[in-house]
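Q: I'm new to reading protein structures and would love a close look at one part. Could you walk me through the place where the ligand sits?

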Amino acid sequence: MIAIQDNTMNDTVNQAVTHSSRLEQCFATLKQQNRPALVSYLTAGDPDADTSHRLLHGLPDAGVDIIELGMPFSDPMADGPAIQKAALRALESGQTQTKTLEMVRNFRQENSTTPVVLMGYYNPIYCYGVERFLTDAATAGVDGLIVVDLPPEHDEELCQPAAQHGIDFIRLATPTTDARRLPKVLANASGFIYYVSVAGVTGGSAPTPERLENSVAHLREHTDLPIAVGFGIRTAEQAATIGRFSDAVVVGSALVDCIEHAASGDDAVEQVHGLVSELAESVRACREVDEQVIS
Amino acid sequence: MNKPMDLSSSLPDANGLFGSFGGRFVAETLMPLILELQDEYATAKNDPEFQRQLAYFQGDYVGRPSPLYFAERLTEHFGGASIYLKREELNHTGAHKINNCIGQGLLARQMGKKRIIAETGAGMHGVATATVAARFGLPCVIYMGTADIERQQTNVFRMQLLGAEIVPVTSGTGTLKDAMNEALRDWVTNVDDTFYIIGTVAGPHPYPAMVRDFQAVIGHETRAQMLEKHGRLPDSLVACIGGGSNAMGLFHPFLNDSAVQMIGVEAGGKGVNSGLHAASLNGGTPGVLHGNRTYLLQNADGQISDAHSISAGLDYPGIGPEHAWLHEQGRVEYVSATDAEALEAFQICCRQEGIIPALETAHALAEVAKRAPTLPREHLMVVNLSGRGDKDMMSVAHHLGEQLDEAC
Ligand SMILES: Cc1ncc(COP(=O)(O)O)c(C=O)c1O
């Protein structure tokens with residue numbers, strides 16, 4: 001009995017080393033290159049399984065450093081209209097938790113370096129079964145989880161079990177997270193910190209860079225984890241401005257909008273990868289100005 | 001072993017849990033607000049001045065206490081248990097919903113909030129919220145699904161007269177759950193100045209406990225009124241369940257009285273086996289939605305299903321977490337009534353008592369129709385007459401019309 005437990009412990013420790021390293025390595029490499037990561041968000045299965053597969057597999061070549069893959073949910077209460085519709089398109093085309101995990105497994109067969117973070121709401125994970133989900137996610141090659149409706153008060157639900165499986169639990173900090181609360185938010189965080197740039201839903205208004213820079217600087221005083229900024233970032237210019245002071249820039253609704261407006265699956269792939277390339281170029285160059293000033 | 005668990009005061013725990021149900025499953029942006037609300041409510045609960053104001057508005061504005069009326073003709077009609085109606089439909093705005101809105105409205109005012117939002121299904125909670133917002137001079141935005149706007153036109157107009165802005169919600173099925181999603185999205189966007197008045201014993205902690213406390217006036221009054229009339233407690237309590245606030249309000253003060261039987265009636269729609277219903281306990285499974293863990297109508301993949309009910313106010317795929325817990329404890333019996341049974345009971349109540357009940361309430365009456373005939377006259381049965389049916393005239397006409405057509 002005890003021996004069995006020891007074995008499981010060793011397994012999870014090993015997994016912890018291999019899996020968390022993908023995010024760590026990614027941020028370490030980017031630090032050397034002195035540029036922020038470009039993080040893309042797409043909903044798995046949007047607009048259909050085949051197109052979604054092609055979208056996902058082309059992201060690294062188009063310039064994405066970290067992939068956020070949304071697990072569609074019928075009631076995405078923290079999302080604006082763009083991502084709500086993406087979830088509906090995915091569900092209508094038959095997307096399930098099992099298929100989302102399968103997508104990651106397929107992706108891992110040809111890409112072993114780009115971190116994949118699953119993002120969504122707790123209920124589909126809870127219904128899949130937390131242990132089963134974490135086991136399958138770890139096997140598939142998932143690096144981290146962002147679960148919008150699991151604040152630190154519920155860490156025993158998923159955050160702590162995820163750590164046992166070597167999967168990072170990426171915590172959201174927001175403009176309403178005050179000094180009193182911040183330690184609680186950071187306590188069990190791993191992977192990176194996702195700073196939500198505005199109080200609101202995804203796809204909303206653009207953040208003001210000055211205020212944002214202060215918030216990120218303040219966060220840095222309390223954590224050594226990389227800091228990603230997301231919500232409301234749509235253009236290459238915005239990404240560049242925010243990428244100057246953050247470790248990663250997340251773009252979601254703008255990409256998802258391309259899918260909504262695309263004439264066909266091929267068109268969706270072309271447009272999404274096109275926008276990603278533009279964003280990637282801008283993010284790669286965004287600190288060069290600073291360097292020139294210094295030298 | 002023999003000592004009954006104290007069901008009434010010890011729960012929820014500090015994390016807002018009733019056993020494994022409840023909790024605070026919300027986005028981080030909302031957490032500080034929810035914690036603030038929890039503290040403010042805890043203070044208000046023990047603040048004599050807050051309680052004095054609450055009592056004042058409940059009395060002079062809402063018109064409490066509501067009568068506990070012996071429904072003599074209904075009793076004779078069913079020929080069994082003595083039926084008492086707790087007349088919540090006589091409250092200002094015509095339903096129990098105002099009990100909670102007055103409480104939360106006072107809290108909003110005390111917290112210095114400048115704007116009120118709410119979700120509504122049947123429109124009764126929307127009307128009660130718009131009323132309280134008007135009384136306290138606060139702007140008010142009501143989220144309502146487009147399907148519900150269609151079937152509750154008079155309430156839409158009432159809310160507009162009261163100065164509220166109605167935002168039609170097209171996402172999802174355009175019913176109560178979607179309205180609640182949209183209200184939560186508003187709240188997370190307007191965190192600085194907005195108070196969200198949730199209309200039932202659901203949502204993240206502290207809402208289920210807070211709404212229960214504001215509605216418990218129903219049960220406290222019933223208790224005193226029955227003691228005065230009969231010198232003893234009632235034998236059974238019956239109430240309909242959407243999210244469960246009128247039921248919890250009636251039941252809660254009696255939870256420790258093990259001799260008092262309690263029956264919650266869910267909306268059975270076209271039948272619990274038809275897939276077209278709103279009976280979360282009888283036809284659902286545990287899950288997490290709208291900030292709490294409870295029983296939900298959902299598929300195996302955790303996607304929320306559409307509820308179906310003839311009554312907009314019961315058309316919700318979840319139920320308050322405390323009910324989920326009481327269900328698992330076996331303290332309350334949860335049954336269901338179909339659309340057709342409710343429509344039948346609706347008409348009986350109109351004809352026998354001269355009281356037009358809400359379609360929601362008619363579900364409770366449908367259970368009375370099944371249960372009362374089997375019980376002796378000494379059995380004292382209290383039904384929560386949660387609301388009046390003026391709002392349902394168009395729906396009922398439509399459904400009865402259809403039936404007439406079929407009969408021809
Ligand atoms: C008259 C009436 N009764 C009951 C309900 C159901 O809500 P709850 O279960 O919270 O009492 C409603 C909801 O709109 C209602 O209007």
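Which strand and which helix of chain B each supply at least two residues of the shell around the ligand?

A: Happy to help! Please keep in mind that this is a predicted model. The two elements you ask about are strand 9 (236-241) and helix 11 (245-251) of chain B, and each of them gives at least two residues to the shell around the ligand.

Now let's look at the shell itself. The ligand is surrounded by 18 residues. The closest are Thr200(B), Gly242(B), Gly244(B), Ser245(B) and Ser386(B). Sorted by character, the shell has ten polar residues, six nonpolar ones and two charged ones.

Next, zoom in on the side chains that meet oxygen atoms of the ligand. Thr200(B) places a polar side-chain atom 2.6 Å from a ligand oxygen. For Ser245(B), an N or O atom of the side chain is 2.7 Å from an oxygen atom of the ligand. Asn246(B) also takes part, with a polar side-chain atom 2.8 Å from a ligand oxygen. Each of these pairs counts as a polar contact because the cut-off for two N or O atoms is within 3.5 Å.

How much of the ligand is covered? On its own, the ligand would expose 390 Å², and the protein buries 97% of that area.

Step back a little, and you can see where the ligand sits in chain B. Domain 1 (24-59 + 97-211) and domain 2 (65-94 + 216-407) both contribute residues to the shell, so the ligand lies between them.

While you have chain B on screen, two spots in its backbone deserve a glance. As background, most residues other than glycine have a negative phi, and most peptide bonds are trans. The peptide bond from Arg64(B) to Pro65(B) is cis, with omega near 0°. You will find Pro65(B) in the loop that runs between helix 2 (48-62) and strand 3 (68-70) of chain B.

The other spot is Thr93(B), which is not a glycine but has a positive phi of about 75°. Thr93(B) belongs to the loop between strand 4 (82-86) and helix 4 (97-110) of chain B. Thr93(B) is also buried, with a relative accessible area of 6%.

To return to your ligand, the picture to keep is a molecule between domain 1 and domain 2 of chain B, with 97% of its exposed area buried by the protein.

Note on methods. Residues numbered from 1 in each chain as written. Chains lettered and ligands numbered in written order. Predicted model: local features only at pLDDT ≥ 70, side-chain atom pairs only at ≥ 80, totals over all residues. Heavy atoms only, no water. Near = heavy atom within 4 Å. Polar contact = N/O pair within 3.5 Å; in protein donor to acceptor, adjacent residues only side chain to side chain. Areas by Shrake-Rupley, 256 points an atom, 1.4 Å probe, with all protein chains shown as cover. Helix = DSSP H or I, 4+ residues; strand = E, 2+ residues; numbered from the N terminus. Nonpolar A, V, L, I, M, F, W, Y, C, P; charged D, E, K, R; others polar. Domains from an automatic or database assignment. Buried < 20%, exposed > 50% of the residue type's maximum accessible area, 1.4 Å probe, protein only.
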